[in-house]
Each structure stands twice: as structure tokens, then as C-alpha cells.
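I opened the model to look up a few points and kept notes as I went. The entries follow in the order in which I made them.

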Protein chains: 2
Amino acid sequence: MLSKRTKYGLKALTYMARNHSEGTVQIAMIATSENIPHKFLESILLTLKKTGLLGAKKGKGGGYYLLKEPAEMKMTDIIRTLEGPIAMLPCVSLNYYEKCDDCPDEDTCSVHKLMIQVRDNTLQIFRNTTLADLV
Amino acid sequence: MLSKRTKYGLKALTYMARNHSEGTVQIAMIATSENIPHKFLESILLTLKKTGLLGAKKGKGGGYYLLKEPAEMKMTDIIRTLEGPIAMLPCVSLNYYEKCDDCPDEDTCSVHKLMIQVRDNTLQIFRNTTLADLV
DNA sequence: TATTACCCTATAGGATTACTAGGGTTTAAG
DNA sequence: CTTAAACCCTAGTAATCCTATAGGGTAATA
């Protein structure tokens with residue numbers, strides 16, 4: 001299951017992509033428009049900024065803005081930033097790999113093989129979808 | 001992310017499928033062989049029994065056994081029993097549907113559409129994979 | 001210089017996860 | 001018919017994560 005954090009983040013980014021031409025967007029705008037708790041959204045946009053997906057301008061008339069064209073922003077990057085691993089098991093994660101405690105040998109683990117299939121499939125969708133596709 | 005509960009359950013079922021010809025299998029056997037905490041596994045097998053995937057025989061010489069041929073046991077059934085919804089959002093779940101609080105209209109929600117894609121893809125894998133494929 | 005809007009830390013309440021404890025009940029074997 | 005094996009069931013618990021809020025600090029602009 002996706003966390004609300006990720007879902008909210010995606011909705012916020014989509015909102016920004018829709019209003020892309022109009023410069024900066026304020027937290028409050030997005031929050032009310034997309035029904036996201038203000039302070040929660042604030043922390044989400046902050047992490048998106050830290051990972052280089054968003055830029056921000058302080059002071060009056062400030063706000064957040066996309067650092068890349070929507071068509072350049074892949075789902076893989078967004079979701080990994082907000083949610084973490086895309087894989088369903090740590091032992092099949094490309095970016096957050098971790099060995100299983102119980103499994104003596106990954107190559108012969110049947111669950112491992114199955115989850116690699118799922119991961120590859122999901123990854124293909126996320127790689128081929130950009131923010132522009134969501135608008 | 002899959003819970004350990006689901007992962008352990010899948011491993012246990014696979015173990016049972018491998019030793020399918022030999023009648024009942026005891027919890028202790030599976031637990032030691034697959035490195036699963038005994039009592040935890042007990043509760044997992046219990047729920048698999050309640051949903052009709054496993055049968056059990058009490059008393060000396062008893063144990064658990066598969067109620068269907070491995071080739072008849074679909075991943076969808078197993079995973080839904082142990083993990084719950086397969087979808088990444090409640091609003092795209094077939095079996096555990098729930099409306100989102102924030103979303104006024106699902107049909108125009110971009111995140112919704114994306115997650116339907118992912119669900120359909122994952123579902124196709126799980127529908128076409130049986131316990132026999134894992135052995 | 002006042003206001004706006006982002007920036008940052010801390011934390012609280014609730015849910016979920018991964019177990020563990022402790023015993024009850026049924027069944028088959030000796 | 002007794003005993004021990006093995007499933008059955010109910011609680012509970014420590015740790016972690018999730019969602020969200022509080023409260024103020026800082027930079028920039030009008």
C-alpha cells in the first residue's frame with residue numbers, strides 16, 4: 001500500500017504541473033485545492049525539495065516550483081523519494097537492497113523469483129510514466 | 001512491501017507443496033527448515049486453514065496438509081488471505097475497495113489511473129502463478 | 001519594517017507488525 | 001486408559017511506522 005505521504009505528494013506535483021506556466025505555487029493553494037492537511041503537505045514538499053525535484057522561493061510572492069519539465073519527471077524518482085523501495089521485498093529491491101534473515105540462498109528462493117517478476121513489471125510502468133502523463 | 005507474515009506463509013506453503021506426497025507436515029518441521037519462528041508460523045497456518053487453503057489433523061502423527069493440488073492454488077488467493085489487498089491504494093482495490101477521503105472524483109484522479117495500471121499488471125502475474133510454479 | 005511564505009525540530013496518538021506466553025483440546029499410540 | 005504429540009485459541013507486548021500538529025525561525029519582498 002502507498003502511504004498517504006506519497007499519494008499527497010503525487011497529487012501536489014500533479015497540481016503544480018497543471019499550473020506550471022504560472023510560476024510559483026503556495027502550499028496553502030495546493031492544500032486547500034487537493035484536500036491535504038497544510039502542515040503535512042509542508043513536510044512533503046520539503047523532502048521533494050531536498051531531493052531536487054522542487055525548488056522554492058521564500059518571502060512574499062514566493063512558493064514552490066518544478067525544477068524540471070513535467071515530461072522529464074519519472075514516477076520512479078518521485079515514488080522512490082516519497083515511498084522508498086518499489087519492490088515488495090527488501091531482497092529484490094534495486095535501490096534499497098537488504099538480505100533476508102531467514103533465506104539461506106536467494107537464487108533458489110521461490111518467493112524471491114516471483115517478487116522479481118512483480119518488481120520488473122511495476123518498474124516498467126513507473127519508468128515509462130512521467131508527471132506529464134498524469135496531468 | 002510484503003509483510004513477513006505473507007512471506008513466511010508463502011514459504012511454508014511451498015515447503016508443503018514440495019513434500020506433498022508425504023501426507024501431513026508438522027509446524028515444527030516447517031519452522032526449523034524454513035527459519036520461521038514457531039509460534040508465529042502457527043498463527044499463519046491457522047489463518048490459512050480458516051480460509052480453506054489448508055487442512056489439519058490433530059493428535060499424535062497429525063499436522064497440516066494442502067487441501068488442493070499445488071497447481072490449483074493461485075497466488076491471488078494466498079496473498080489476499082495473508083496480506084489483504086493487492087492494490088497499492090484502497091480506491092483501486094477489487095476486493096477491499098474504499099473511497100479516498102480527499103479525492104472528490106476518482107475518474108479524474110491521475111494517481112488513481114496510474115495505480116489501476118499497476119494493479120492490473122500485478123494481478124495478471126498473481127493470477128497466472130500457482131503454488132506449483134513456485135516449487 | 002511589516003508581512004508573507006518557506007524552513008526546521010520536536011512530538012503525540014494511533015495503527016500495524018512481529019512476535020511471545022500460556023494454556024486448552026483432540027487424537028493416536030503404547 | 002493414560003500419556004504425549006500436535007493442533008487450537010486468546011491475550012498481550014515491544015518496537016516501529018504513519019499521520020498529523022505545534023511552535024517557532026529565517027529569508028525575501030512590497
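Entry 1, B:Arg119. I took contact to mean heavy atoms within 4.5 Å. On that basis, and not counting residues up to four places away in sequence, I found B:Arg119 touching B:Ala87, B:Val92 and B:Leu94. I note here that the model is a predicted one. B:Arg119 sits in helix α5 of chain B, which covers residues 110-127. Is B:Arg119 buried or exposed? Its relative accessibility is 14%, and the cut-off for buried is under 20%, so B:Arg119 counts as buried.

Entry 2, A:Arg127. I then looked at A:Arg127, which is in helix α5 (residues 110-127) of chain A. I read 45% relative accessibility for A:Arg127, so I put it down as partly exposed. Leaving aside neighbours within four places in sequence, I listed A:Lys74, A:Thr76 and A:Leu94 as the contacts of A:Arg127. I also checked the C-alpha separation between A:Arg127 and A:Ile116: 16 Å, for residues 11 apart along the chain.

Entry 3, helix α4 of chain B. How many of the residues of α4(B) are buried? The helix runs over residues 75-82, and 6 of its 8 residues are buried, which leaves it mostly covered. I wrote down the buried ones as B:Met75, B:Thr76, B:Ile78, B:Ile79, B:Arg80 and B:Leu82. What covers them? The cover includes α5 of chain A, and from chain B it includes α1, α3, α5 and α6 (131-134). Just after α4(B), I found B:Gly84 with a positive phi of about 100°.

Entry 4, positive phi outside glycine. Most residues other than glycine have a negative phi. A:Asn35 is not a glycine, yet I read a positive phi of about 60° for it. A:Asn35 lies in the loop between α2 (27-34) and α3 of chain A, and it is partly exposed at 43% relative accessibility. I turned to chain B and found that B:Asn35, also not a glycine, has a positive phi of about 60°. B:Asn35 is in the loop between α2 (27-34) and α3 of chain B, and its relative accessible area of 43% makes it partly exposed.

Entry 5, how the two copies are related. Two copies of a chain are related by a rotation about an axis and a shift along it. I found that chain B superposes on chain A after a rotation of 180° with 0.0 Å of shift along the axis, at an RMSD of 0.0 Å. The copies are therefore related as by a two-fold rotation axis. Through which surface do the copies meet? Of the interface residues of chain B, 100% are also interface residues in chain A, so the copies meet through the same surface.

Entry 6, aromatic pairs. I counted 2 aromatic pairs over all chains. In one of them, the ring centres of A:Tyr8 and A:Phe40 are 5.7 Å apart and the planes are at 85°, so I recorded the pair as edge-to-face. This pair links distant parts of the chain, with A:Tyr8 in α1 (residues 4-18) and A:Phe40 in α3 (residues 38-50) of chain A, 32 residues apart. A:Tyr8 is buried at 7% relative accessibility, whereas A:Phe40 is partly exposed at 32%. For B:Tyr8 and B:Phe40 I read centres 5.7 Å apart and planes at 85°, so this pair is edge-to-face. It links α1 and α3 of chain B across 32 residues. B:Tyr8 is buried, with a relative accessible area of 7%, and B:Phe40 is partly exposed, with 34%.

Entry 7, DNA strand D. Which residues are closest to DNA strand D? I found 27 residues around the strand, the closest being A:Lys4, A:Lys39, B:Glu42, B:Lys49 and B:Tyr64. By class, the residues of this surface are 8 nonpolar, 7 polar and 12 charged. α3(B) gives the most to the surface, with 4 residues. Of the strand atoms within 4 Å of the protein, 70% belong to sugar or phosphate and the rest to bases. I then checked phosphate oxygens of the strand. One is 2.9 Å from a polar backbone atom of A:Lys4. A polar side-chain atom of B:Lys49 is 2.9 Å from a phosphate oxygen, and for B:Tyr64 the distance from a polar side-chain atom to a phosphate oxygen is 2.7 Å.

Key
Residues numbered from 1 in each chain as written. Chains lettered and ligands numbered in written order. Predicted model: local features only at pLDDT ≥ 70, side-chain atom pairs only at ≥ 80, totals over all residues. Heavy atoms only, no water. Least-squares fit on C-alpha atoms with pLDDT ≥ 70 in both. Phe/Tyr/Trp six-rings, centres within 6.5 Å; stacked < 30°, edge-to-face > 60°. Buried < 20%, exposed > 50% of the residue type's maximum accessible area, 1.4 Å probe, protein only. Near = heavy atom within 4 Å. Polar contact = N/O pair within 3.5 Å; in protein donor to acceptor, adjacent residues only side chain to side chain. Nonpolar A, V, L, I, M, F, W, Y, C, P; charged D, E, K, R; others polar.
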